[in-house]
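Let's take a walk through this one, starting from a single helix and working outwards. Keep the viewer open as you read.

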Amino acid sequence: MRTERLAVRGNETVGPYALVRLARGGLDPGQPGQFFMLEAPGRVLPRPFSLCLAGTGELAFLVDPVGHGTRAISALARGDAIRVTGPLGHGFDLSVRRPLLVGGGIGVAPFPYLSRALGGPPALLGFRTAHHAEAASLVPNAEVVLDPTLVTEALPDDPGDVLACGPEPMLDAVRQLAPHAQLAWEAPMACGFGACYGCVVEVEGRLQRLCIAGPVLRAA
Amino acid sequence: MTVPILNASGCLDALTAPEVALALDAFVTKTITPLPRDGNQPVRIAETDAGMLNSIGLQGPGIDGLVDRTLPALSQLGLRVWVSVGGFSVVDYAAICARLDGRVDVEVIELNLSCPNVEEAPETAAQIVAGCRALTTKPLYAKLSPATWDISESAKAVVAAGADGLSLVNTIRGMALDPQTLRPRLGRGTGGYSGPALKPIALACISACARAVDVPIVGMGGVGSGLDALELIAAGASVVSLGTILFADPAAPARVRRELLAEATARGYANPLAARGVANG
């Protein structure tokens, strides 16, 4: 874990989302599924984002502008600089034989980086609208389903090694169908490195810090 | 004379972020209770415009876990350790102090007399301090709540009961509502309010206590910069703790220390401590 101020290199619109590209500085991109805490200008706390893309000398994050912090980050422009801490947490286990990426909405965020690490496996992505589904262009070999179709309805009978990221109800449904899946969860967190105890989730019957135990957890 | 910089209890885990703890002059543990605690149900944190609320609820391994696992691990890191002690009665606090009394790996005991997220002990802060004083020769710091009518009266009472120093201030109870549902955003309804909004409250409390008693004061509440730290020193703090800022900037210890020296020098002070109490006339 390192903390640095990183310069904003660019900010592109992808459907309703912003793809914010930062100069990498001395930060390591880490494993797919690990995350970074990004300063939200004007706010007290940073916000957690999994790495979306690791272009040459860059770290890029896909941001859904839904609240004060994410709106401030999605409004960043070239020439701005923000404090970034990471990489944090545990990412996806890449030793899988038949990977299938399963994502919902902004849960697509870690998949471009993950897909490259796994050599472009098939992906199944669900979105609310065609506008949101523009983010699927970031992921090779993606099959897209739109609301009201659920990704779990499009899962093959034998889905292989599922690596999933999306809203909680989707992850719960995936867990039922693929008990060995790797699921990337999210929770509100103040720090991202085990200090605040704000992000606890129940794991094996105990409240554990998602930032330390996860954010990628085994379904079973 | 440098001003030591610590973390506020509950704002850092030295075992998950040792590099942050090693940048401090001493590490203050999360408040330890007699028995292990799971803490409160989520949602536990909520950001507001000028601060944050937390309702963690003293999640921790209990005194046995601290003694068996945490303290040896902290020693291995080479940290100077202050242990924050909590409980629900004088007996709770005193029993933990007795367990820590002979340990060379504990430098100071800070009594958390003011957690806003759990039930309070029925006794007064001074009664708790007196009960602990009887069972330990370790330096005892009393951490007081800012939510009292006259904090200088509490300060005088705990010092008379044997406190060696004060930690000022704890978070203050607050609430945030979801703008759509108008229901509390925290699972427990209310939480401890910290961050920039706490600084004026901390300044007033530190100033009042510094006028009332002559003991070391660990100042905390909304410190995000060296100038914030210098202000707390001007109000009477002799040590400064970092809380919420550590969540946003884990590199804050070195930065605040650097800025503090520069801000003191810029105002003509030979060192930051030379500014201690100047706000109090």
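**Starting from one helix**

Pick out helix α3 of chain B, residues 90–100: its buried residues are Tyr93(B), Ala94(B), Ile96(B), Cys97(B), Arg99(B) and Leu100(B). Bear in mind as you look that this is a predicted model.

What sits over those buried residues of α3(B)? The cover includes two helices of chain B, α2 (62–77) and α4 (125–133), along with two strands of that chain, β5 (81–85) and β6 (108–112).

Those strands lead us to the sheet. In chain B, eight strands make up an open sheet with parallel pairing, and their order is β1-β12-β11-β8-β7-β6-β5-β2. At its edges are β1 (5–7) and β2 (27–28) of chain B, each of which pairs on one side only. Back to our helix for a moment: α3(B) packs on this sheet, where it touches β5 and β6 of chain B, and its direction makes about 160° with that of β5(B).

As for what holds such strands side by side, strands of a sheet pair through backbone hydrogen bonds, either parallel or antiparallel. For a concrete pair, try strands β8 (residues 165–168) and β11 (residues 217–219) of chain B, which run parallel and are joined by three bridges. If you want one of the residue pairs to click on, Leu168(B) has Gly219(B) as its bridge partner in β11(B).

Now zoom out to the chain. The full tally for chain B is nine helices and twelve strands. Its C-alpha trace spans about 55 × 50 × 40 Å along the principal axes. Why call that a compact globule? Because a compact globule with 281 residues would have a radius of gyration near 19 Å, and the 18 Å of chain B agrees with that. Burial adds to the picture, as 56% of the 281 residues of chain B count as buried. The contacts say something about the fold too: take those in chain B between residues at least 6 apart in sequence, and 70% of them join residues at least 24 apart.

Chain B has company, so to speak. The contact between the chains takes 21 residues from chain A and 26 residues from chain B. On the chain A side, the residues that touch chain B break down into 14 nonpolar, four polar and three charged.

And the confidence scores? The model comes with ipTM 0.94 and pTM 0.96. For chain B, the average pLDDT is 96, with 99% of the residues scoring at least 70.

Note on methods:
Residues numbered from 1 in each chain as written. Chains lettered and ligands numbered in written order. Predicted model: local features only at pLDDT ≥ 70, side-chain atom pairs only at ≥ 80, totals over all residues. Contact = placed C-beta atoms within 7 Å. Nonpolar A, V, L, I, M, F, W, Y, C, P; charged D, E, K, R; others polar. pLDDT = per-residue confidence, 0-100. Buried ≥ 20, exposed ≤ 12 C-beta atoms within 10 Å, placed from the backbone. Helix = DSSP H or I, 4+ residues; strand = E, 2+ residues; numbered from the N terminus. Pairing = 2+ DSSP bridges. Axes fitted to C-alpha atoms, helices over the stretch in contact; angles between N-to-C directions. Rg over C-alpha atoms; globule rule 2.2 N^0.38 Å.
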